[in-house]
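Student: Could we go through how the labels on this model are earned?

Tutor: Happily; let's take a look together.

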Amino acid sequence: MASQQQSSCGSDVSCSGSSCGPKSCSSQSDSCCQRLNEMAVDIEGVESALESLSLNPYEIEEPALAILLKLISNVIANPDEAKFRAIKKSNPALHAKVLSVHGGSEFLMRVGFRDLGETLQLPADIPLDSLEIARDILAMHIEAERQKEEVHKKSEYEEQQRALRERNKKLAAEKELLRQQIENDRKERAQRLPSVSSHATQLHFGANTKGFKDCNPAFNQQSRG
């Protein structure tokens, strides 16, 4: 049964087995406020874990972030379902995509999961508002990483296009140089060869030709006889 305590938080603080409030406390003397502080999400720790995750290549980071978001969201959506608070380390997909990824296990520990050997367990007394804060930070990080990747891809694409334009420009210049060389070679060969007219224009047909009689004196003598 929940009890009401007047504390240094400045108002009545309701404490039960699962939650305390309000969030702001000015003194650690009140046990309920102290418990609240201990259970509150470690924002700096969560951000540190996300920073570690961002050191991975995006194709590794992106699926890890998506799974982490799903794990936290499942707990928030089903707070009374114990199965969503337990993660089996032996799960091949989870191990490959999250637990073995730099920063993956760190994030889970920062939001409150405990290492129990074969499983990671999220205690039932972790308040949902703390998980919601972790989820929101994670969601913002996912969007920021997505935008960063888009900028990177756009920059990479533009660099590829620039390199392609430079390559095409170079090929066009080389092609033009080759064309000029071929044309110069053709002109040089034409200058080295003598100017030869056709054989038909050198012969003046009819002017210097001789008939059969002129070429055969015997024929002429027989004709006279």
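Tutor: What follows is a short talk about salt bridges and one helix. This is a predicted model, where local features need pLDDT of at least 70, side-chain atom pairs count only at pLDDT 80 or more, and totals for chains, interfaces and linings use all residues. Residues are numbered from 1 along each chain as its sequence is written, and side-chain values use heavy atoms, leaving out hydrogens and water.

Student: Why is the contact of Arg-146 and Glu-143 called a salt bridge?

Tutor: A salt bridge needs a side-chain nitrogen of Lys or Arg within 4 Å of a carboxyl oxygen of Asp or Glu. Arg-146 and Glu-143 meet at 2.4 Å, N to O, so the pair qualifies.

Student: What separates Arg-146 and Glu-143 in helix 6?

Tutor: About one helical turn, because they are three residues apart in helix 6 (residues 128-192). Helices here are DSSP runs of H or I with at least four residues, numbered from the N terminus.

Student: What makes Glu-150 count as partly exposed?

Tutor: Its relative accessibility is 45%. Buried means under 20% relative accessible area, exposed over 50%, and partly exposed in between (1.4 Å probe, protein chains only), so Glu-150 is partly exposed.

Student: How do you know that the span of helix 3 agrees with expectation?

Tutor: The expected span is 1.5 Å times one less than the number of residues. For the 20 residues of helix 3 that gives 28 Å, and the end C-alpha atoms are 28 Å apart, so the two agree.

Terms used:
Helix = DSSP H or I, 4+ residues; strand = E, 2+ residues; numbered from the N terminus.
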